[in-house]
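Biologist: I have a new model to go through. Please show it, and I will ask what stands behind each term.

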There are 2 protein chains.
Amino acid sequence: MELDERKMTILRAIIQNYLETGEPVGSRTISKYTDLNLSSATIRNEMSDLEEMGYILQPHTSAGRIPSDKGYRLYVDMLMQDKQTEMDNLKLELNAKSEKLDNILKEAAKVIAVNTNYASLITAPRYHKHRIKFIQLTQVDPESLLAVIILEGNIVKNNLIHIDEELTQETLLKFNLMFNTFLQGLDLQEINASVMQKMRNESGGYSAMISDILDVIATSLESEEVEAYTSGSTNIFKYPELNDSAKASTLLSVLEEKKELTELMYQEGDSDRGIQVYIGDESPIEATKDCSVVTATYHIEEGVYGKIGIIGPRRMDYEKVVGTLRNLMTELDQIFRKDKE
Amino acid sequence: MELDERKMTILRAIIQNYLETGEPVGSRTISKYTDLNLSSATIRNEMSDLEEMGYILQPHTSAGRIPSDKGYRLYVDMLMQDKQTEMDNLKLELNAKSEKLDNILKEAAKVIAVNTNYASLITAPRYHKHRIKFIQLTQVDPESLLAVIILEGNIVKNNLIHIDEELTQETLLKFNLMFNTFLQGLDLQEINASVMQKMRNESGGYSAMISDILDVIATSLESEEVEAYTSGSTNIFKYPELNDSAKASTLLSVLEEKKELTELMYQEGDSDRGIQVYIGDESPIEATKDCSVVTATYHIEEGVYGKIGIIGPRRMDYEKVVGTLRNLMTELDQIFRKDKE
DNA sequence: TATTAGCACTCATATGGTCTGAGTGCTAAC
DNA sequence: GTTAGCACTCAGACCATATGAGTGCTAATA
């Protein structure tokens, strides 16, 4: 059997109607909804064909049809190769001159959630491959040293380190010089035993302290857990098909945990700002089997990127979601570009 | 009518039984549950009295009794003046030498949520009254300046500032000296126009940049929003009385928003590590009318404190919650003390 | 050959009645 | 003051029936 023009029209009508109402749609509805001027009986025949082909299915014998995952997939694929759908421009409301990364991300997550009415998750860019740009050690009080580490992409990390012995201004200066000379331009993998050994040799009696400091720097860099922010997780209550306590509960746990989702988002890698759509069972996460997940990538600079995800019901307004994401990407790209100029 | 010993025993039995089961408790249950050796009929009479006095109530005519807010209140008050209830010692699993504040807090929230099976919220200590201990400006690249601000209590804030003009090493040194001389020991309120004017006068042609930097420092200090971390918010699904989608939804929104809750927690001020219990309607937040909220205060140093809150159903295991909180307080106090030595 | 009208059939959901059991309040006896 | 006994209440479970949206199939129509 062949998926001709008319079947496509009917399929699209079914999907769109279902996206709006969330109820199975019947032949009569389609007969009126489309401008094909066909009777419900004809539509029924076509629907029967579509069902046989696997694009739609019946929840139970005497109900209307709903799109299957295969149906959604077809619809989404059509959508993606469509013209860029223009969306209302969303603006991140960022005001201060020197917004910190995490504020931008939080704001972005919020904007998405509010605009789409789905739940959103955004991850900070990954550090692993970040090179150290600058290290600054400062004596805060007699017992603590503050280490500020700036990574490429202007990501700032700071850590307090306890020390047993007050350092003179001079030693501190020497330390600073040494750390920057040895570590600048390196990433975590490159801080190996040989580098550390060399540094200890030059430490002039402070070798234990140097080890401590290196330790702190390393742990602060490696921290495998990627920062992630969610927003609008309670939006899922707006969709009856997710709004039973078992589903909502597991879904919210996943959103609270974040870890699994983050991994899902990163597993496909830096796919050239492509937008990925996971429909229902396509997602590897058990808890999101009843949902669709749409992910996108934003770029800070070469090789440094983060991910945005939207989680909603299968009957997600894919068109709007994809549009909104595309939009936010450019918005974010601009912000980061401006940030660098 | 008088609340004699026997009525108290019965009331306590009712409450404890209801805490366990969540079901209204009947006279027969109490008759067996207590060692008073009274028939169910007698218990019924007593219960009738307790109801008249307002300590218990009937959800409907032919059901057992459940504690009223007044009943809970009595129970909680008794509990609080009781001996220190000993709890299993909970340990925060903190490993690294220089844990950052927010990690400690996140961990604490999690420990509480896991231990009690309720939702928890913890706020970072408030800054307002923090004095500036140390400011460090660093040139990160030709276009950006990094300002690291250390407040009393060793709270570190950092901000990137965009500048139009590269600074010489010398100017930077001068800036650093100046900012520390003028601002050290001040809190936000004390950075007034006169101080700022003086600084601009001494800036030697950089007055605009100085203004910018002061701006950033001020905004980063004032940031009214207190950092807050939640954990275990999905625990609320474990309690049938909260597990309908309307209630769960509003409750989770409040937990996600955090702001309202944070305010509730701070409104009672630094009540000498007292533990506050809000039962149902006693809470000023509409969304938690069906819940109880227990709050506690932890101290970092004189005048610097944060709050922990636990949100659960009215029939919360108050004894355990209060115990757990007391325990965590000491644990936190120790960590911060160690931190300072 | 494609479309349509008509009809029997299915089945989820709503409605309403009955039954059951847990629990009460009251009264009279102990 | 305590208890046994009994009538009463009422939420929730269970069941039967009605309703209506929707289907598939067949025969008539264009």
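Modeller: Start with DNA strand D. It has 21 residues around it, and A:Ser27, B:Arg6, B:Thr42, B:Thr61 and B:Ser62 come nearest. This is a predicted model: local features need pLDDT of at least 70, side-chain atom pairs count only at pLDDT 80 or more, and totals for chains, interfaces and linings use all residues. Residues are numbered from 1 along each chain as its sequence is written, chains are lettered from A and ligands numbered from 1 in the order in which they are written, and side-chain values use heavy atoms, with hydrogens and water left out.

Biologist: What makes a residue "near" a strand?

Modeller: One of its heavy atoms must lie within 4 Å of the strand. On the DNA side, sugar and phosphate make up 78% of the strand D atoms that come within 4 Å of the protein.

Biologist: Why is the link from B:Thr61 to DNA strand D called a polar contact?

Modeller: A polar contact is a pair of N or O atoms within 3.5 Å; within protein, one must be able to donate a hydrogen and the other to accept it, and residues adjacent in sequence count only if both atoms are side-chain atoms. A polar side-chain atom of B:Thr61 is 3.0 Å from a phosphate oxygen of strand D. That is within 3.5 Å, so the pair counts. B:Ser39 reaches a phosphate oxygen of strand D with a backbone N or O atom, at 3.1 Å. B:Arg44 goes to a base oxygen instead: its side-chain N or O atom is 3.3 Å away.

Biologist: Which element gives the largest share of the surface near DNA strand D?

Modeller: α3(B), with four residues. Both α3 (40–53) of chain A and α3 (40–53) of chain B supply at least two residues there. Helices are DSSP runs of H or I, at least four residues; strands are runs of E, at least two; both are numbered from the N terminus.

Biologist: How many residues of that surface near DNA strand D are polar?

Modeller: 13, with four nonpolar and four charged. Ala, Val, Leu, Ile, Met, Phe, Trp, Tyr, Cys and Pro count as nonpolar, Asp, Glu, Lys and Arg as charged, and the others, Gly among them, as polar.

Biologist: Which residues are closest to DNA strand C?

Modeller: A:Arg6, A:Thr42, A:Ser62, B:Ser27 and B:Arg65, out of 21 that surround the strand. A polar side-chain atom of A:Arg6 lies 2.6 Å from a phosphate oxygen of strand C. For B:Arg65 the distance to a phosphate oxygen is 2.9 Å. A:Ser62 meets a sugar or linking oxygen at 3.0 Å. Here α3(A) gives the largest share of the surface, four residues.

Biologist: Why is the pair of A:Glu46 and A:Arg6 called a salt bridge?

Modeller: The term needs a side-chain nitrogen of Lys or Arg within 4 Å of a carboxyl oxygen of Asp or Glu. The closest N and O atoms of A:Glu46 and A:Arg6 are 2.6 Å apart. That is within 4 Å, so the name fits. A:Glu46 lies in helix α3 and A:Arg6 in helix α1 (residues 5–21) of chain A, so the pair ties together parts 40 residues apart in sequence.

Biologist: How many salt bridges are there between chain A and chain B?

Modeller: Two. B:Lys133 pairs with A:Asp141, with closest N and O atoms 3.0 Å apart. Seven residues of β4(A) lie on the side of chain A that touches chain B, the most from any element. That side has twelve nonpolar, 18 polar and 13 charged residues.

Biologist: How many residues of each chain are in contact?

Modeller: 43 of chain A with 43 of chain B. Contact means heavy atoms within 4.5 Å. The chains bury about 3500 Å² between them, 50% of it on carbon and sulfur atoms. Buried area is the accessible area (1.4 Å probe) that two parts lose on being put together, summed over both.

Biologist: How do you know how the two copies are related?

Modeller: Superpose them by least squares on the C-alpha atoms of residues with pLDDT of at least 70 in both. Chain A goes onto chain B with an RMSD of 0.2 Å, by a turn of 180° and a shift of 0.0 Å along the axis. The copies are thus related as by a two-fold rotation axis. In chain A, A:Ser245 has the C-alpha nearest the axis, 3.5 Å from it.

Biologist: What makes you say the copies meet through the same surface?

Modeller: 100% of the interface residues of chain A are also interface residues in chain B, so the copies do meet through the same surface.
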